[in-house]
Amino acid sequence: WGHAHKMAEATKTQKVQTFGRKKNAVAVALVTPGKGLIKVNGSPLDLLNPPTLRTKVFEPILLLGKERFAGVDMRIRVRGGGYTAQVYAIRQAIAKGIVAWNQKFVDEATKKEVKDILTTYDRSLIVADPRRCEPKKFGGRGARARIQKSYR
């Protein structure tokens, strides 16, 4: 443990924290120098459920190529929201994490390149989706739907 702790202090300078959001899900990614590990809540990406949405999480990695992730480790914590929202939050956190890392420790040109690749593929990888659930109001069964009224 002591050794790991010393290492953590040595690399304290190099880390980036980014977050991704979708509806009520928030994913926080901690990017540190490493060897390409990406973990979500402590388990590897390959075990992410549901399997159909797993490809969604790999999108930023596949788009940029494994090389760009080779020098970094990502630890991602995700909470809130449903399955799909969490997956979208995770992929956004990964994408923003790699962009922030390139800006901070590599150079502006690389960052721009990475950001452009991601944005041209899917804007929601960098820009959060602002839509939220609208609260239900009285006089109806939903946010906008009203009870039917009849005059006869």
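**Exercise 1. Check the length of α5.**
Task: At 1.5 Å a residue, what span should the 14 residues of α5 have, and what does the predicted model show?

Solution.
- Step 1. The expected span is 1.5 Å times one less than the number of residues. For the 14 residues of α5, that gives 20 Å.
- Step 2. Take the end C-alpha atoms of α5 in this predicted model. They lie 20 Å apart, which agrees with the expected span.

**Exercise 2. Find the faces of α5.**
Task: Which residues of α5 are buried, and which exposed residues sit on the face turned away from them?

Solution.
- Step 1. Buried means under 20% relative accessible area. In α5 this picks out T110, K111, V114 and L118.
- Step 2. Look down the axis of α5. The buried residues fall within an arc of 100°, so they line one face of the helix.
- Step 3. An α-helix has 3.6 residues a turn, so residues three or four places apart point the same way.
- Step 4. Turn to the face away from the buried side. A109, K112 and T120 are the exposed residues there.
- Step 5. Find the packing partners. The buried residues of α5 pack against α2, α3 (66-70) and α4.
- Step 6. Take L118 as one case. Beyond four places in sequence, L118 touches P60, L63, L64, A95, V99, L125 and I126.

**Exercise 3. Repeat the analysis for α2.**
Task: Which residues of α2 are buried, and what covers them?

Solution.
- Step 1. List the buried residues of α2: V57, E59, P60, I61 and L64.
- Step 2. Seen down the axis of α2, they fall within an arc of 165°, so they too line one face of the helix.
- Step 3. T55 and L62 are the exposed residues on the face of α2 turned away from the buried side.
- Step 4. The cover over the buried residues of α2 includes β3, α3, α4 and α5.
- Step 5. Follow the chain past the end of α2. Just after the helix, G65 takes a positive phi of about 85°.

**Exercise 4. Lay out the sheet.**
Task: What is the strand order of the open sheet, and which strands stand at its edges?

Solution.
- Step 1. The sheet has 5 strands in the order β1-β2-β5-β3-β4, with mixed pairing.
- Step 2. β1 (16-22) and β4 (43-44) each have a single partner strand, so one side of each is left without a neighbour in the sheet. These two are the edges.
- Step 3. Start from β1. It runs antiparallel to β2, and 7 bridges join the two. R21 has V26 as its bridge partner in β2.
- Step 4. Move on to β5. β2 and β5 run antiparallel, joined by 8 bridges. V28 has R77 as its bridge partner in β5.
- Step 5. Now the parallel pair. β3 (residues 38-40) and β5 (residues 72-79) pair over 3 bridges. I38 has M74 as its bridge partner in β5.
- Step 6. Add the helix that crosses the sheet. α4 (residues 83-105) lies across β1, β2 (25-33), β3 and β5, and runs at about 150° to β1.

**Exercise 5. Inspect phi in two loops.**
Task: Where do K23 and N41 lie, and what phi does each take?

Solution.
- Step 1. Recall the background. Most residues other than glycine have a negative phi.
- Step 2. K23 lies in the loop between β1 and β2. This hairpin has 2 residues between its strands. K23 is not a glycine, yet its phi is positive, about 50°.
- Step 3. Exposed means over 50% relative accessible area. At 52% relative accessibility, K23 counts as exposed.
- Step 4. N41 is in the loop between β3 and β4. It is not a glycine either, and its phi is positive at about 50°.

**Exercise 6. Map the core.**
Task: How many residues does the largest nonpolar core have, and which element gives the most to it?

Solution.
- Step 1. The core has 33 residues. Those with the most contacts inside it are I38, F69, I76, I90, I94, I98 and L118.
- Step 2. At least two residues of this core come from each of β2, β3, α2 (54-64), β5, α4 and α5 (108-121).
- Step 3. α4 gives the most, with 11 residues.

**Exercise 7. Place a polar residue.**
Task: Is N102 buried or exposed, and which residues is it in contact with beyond four places in sequence?

Solution.
- Step 1. N102 belongs to helix α4.
- Step 2. At 7% relative accessibility, N102 counts as buried.
- Step 3. Leave aside neighbours within four places in sequence. N102 is then in contact with D107, T110, K111 and V114.
- Step 4. Compare with α5. T110, K111 and V114 are among its buried residues.

Conventions: Residues are numbered from 1 along each chain as its sequence is written. This is a predicted model: local features need pLDDT of at least 70, side-chain atom pairs count only at pLDDT 80 or more; totals for chains, interfaces and linings use all residues. Side-chain values use heavy atoms; hydrogens and water are left out. Two strands pair if DSSP finds at least two bridges between them. Helices (H or I, at least four residues) and strands (E, at least two) are DSSP runs, numbered from the N terminus. Contact means heavy atoms within 4.5 Å. Axes are lines fitted to C-alpha atoms, for helices over the stretch in contact, and angles run from 0 to 180 degrees between N-to-C directions. A nonpolar core is a set of buried Ala, Val, Leu, Ile, Met, Phe, Trp, Tyr and Cys residues joined through side-chain atoms within 4.5 Å. Buried means under 20% relative accessible area, exposed over 50%, partly exposed in between (1.4 Å probe, protein chains only). The arc is that of the directions from the helix axis to the C-beta atoms.
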